[in-house]
Structure formats: C-alpha cells, structure tokens
Amino acid sequence: MPFQIPALHSELVLAILEGAAVLTSAIAGMILASDRRMDIVGAFALACVNAFGGGTVRDLLLDNRPFYWVAHWEYLLAILLICVPFVYSARMFRIAAEVHRRSVKMDALGLALFTVAGTGVAIEHHAPLIVAPLMGVVTGTAGGVLRDVVVNEVPDLFRPGALYATASFFGAVAFMAALEHGLRYGEAALVGVLVVMLLRLASLRLGVTVPKPQWLDSQERRPP
C-alpha cells in the first residue's frame, strides 16, 4: 500500500533539503578534486557527480523526469560560481579545505539531507513502504559511489567501516515513521536528518560498524 505524504509545506521542505544537500556535496567533491590535483574542469565535474549522482540514479529508478539537475539548472550555475574562486583563490580554497578537514559533519549532513529528500521524492511518487527508504539510501550514497569510481577508488559504501548506508536507511525509516505518527513534514524531516547524522557521527567516533565479512578475519588463502 503506498505511503501517503502530508501536503503541508512538503514541496518547500524538499526544495530546502535538496538545495542544501547539493551545495554541501558539491564542496566535498571539489575538495576531493583538489586532493587529486585536478583542474577546474575536473573540480566542476567531480562536484556535479557528487552532488547530482544519487538523485539521477533515483530519478532513473523512479522514472522521474526531468532529472533534478535539469529541472533545477540554477544549481549547476551556483556550483560553477563556487568552483571558480575555489580553484583560483587561495583564500577561498583554504577556507573550504579547513572547514572540510576540521569536521566530518559536512559529509554526514550531506548524507542526511539527501537521504530525507530522496525518501520524500519517492513518497511523492507513491513508492511502496520498502522502496521509499531504499530510494533515500540510493539518493544519499550513489553520488559518492560514482565519485569514487571516477577517481579510481573502491567506493566507501562497499568497504568495511563506519555506518554509511545503514545510517541512511534508519534515518529514512525514522522520517517515514515520524510522518506516520502525525508530525509535520518539516518536523519529520528534522527527525530523519538527526537520526542519520547521529548514527554516522557516533559510528565514526566510537568505531561502531556492521559485522565484518568472515573473509576479512580469515587468514586462509582462497582456493584457486
């Protein structure tokens, strides 16, 4: 049975969530591009992949058209306007890099915002109960997967470590549960964002992970 979304201010909340997530993730993509010694084309491309990758995969799966970055092309312009001084202004670069280095909260916030926004879009498309939170996870994590593939790294999503997709999933479920229990859309979104961020940050600080695969602890060689 489809999950029904409250109509009160839902479009405004979704717009704010996705806008904040796009800009947050774009800056993280630019910083990774600087670490890989890319030029402005690489920095802009990696920022866009990180910012729009998850939403594009979500829109493909939900058959949602036009794609988010096509319908909201102004974000492409905003990313470009941030990217130029980031690449060519030493002061701007130092500020952004220092903010990113000093806190993992930026990545956690981007994951949280994309998760809740993606879940909200799925609910608007009348996705079934199990599909909606999965679309939130896809929105929150697929951009990072595509970004890591572009820079020739094994995606963080597929490596043992701090809670990532798991935090995203439980945040999406918390968001939907809050809606089901009568919270206003903005309040429910805040619940979902906080759950994702708390799980992600607690995992990073305390070392909490999902159980590791047995082959990581095994010293035996795999058979040929």
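1. A cavity here is a set of grid points where a 1.4 Å probe fits but cannot get out. The model is predicted. Searching the whole structure turns up one cavity of 30 Å³ or more.

2. How big is the largest cavity in volume? Its volume is about 70 Å³. Rolling a probe the size of a water molecule over the atoms is what shows where empty space is left.

3. Look next at the walls. The largest cavity is lined by 13 residues. Closest to its centre are Ala51, Gly55, Arg58, Tyr68 and Phe114.

4. Which elements give two or more residues to that lining? They are helix H1 (10-35), helix H2 (40-62) and helix H3 (68-71). H2 gives the most, with six residues.

5. The lining of the largest cavity is mixed by class. Seven of its residues are nonpolar, three are polar and three are charged.

6. Now the cysteines. How many disulfides does the model have? The count is zero. For Cys48, the nearest cysteine sulfur belongs to Cys83, 8.1 Å away. A disulfide needs two cysteine sulfur atoms within 2.5 Å, so a pair at that distance does not qualify. Cys83 is likewise in no disulfide, and the nearest cysteine sulfur to its own is that of Cys48.

7. Are these two cysteines buried or exposed? Cys48 has a relative accessible area of 13%. Buried means under 20%, so Cys48 is buried. Cys83 has 0% relative accessibility and therefore also counts as buried.

Definitions and conventions: Residues are numbered from 1 along each chain as its sequence is written. This is a predicted model: local features need pLDDT of at least 70, side-chain atom pairs count only at pLDDT 80 or more; totals for chains, interfaces and linings use all residues. Side-chain values use heavy atoms; hydrogens and water are left out. Buried means under 20% relative accessible area, exposed over 50%, partly exposed in between (1.4 Å probe, protein chains only). On a 1 Å grid over the protein atoms alone, a cavity is a set of points where a 1.4 Å probe fits but cannot get out, and a pocket is an open set with protein on both sides within 12 Å along at least five of seven lines; lining residues have an atom within 4 Å of a point. Grid points are joined across faces, edges and corners, and a volume is the space filled by probe spheres set on the points. Helices (H or I, at least four residues) and strands (E, at least two) are DSSP runs, numbered from the N terminus. Ala, Val, Leu, Ile, Met, Phe, Trp, Tyr, Cys and Pro count as nonpolar, Asp, Glu, Lys and Arg as charged, and the others, Gly among them, as polar.
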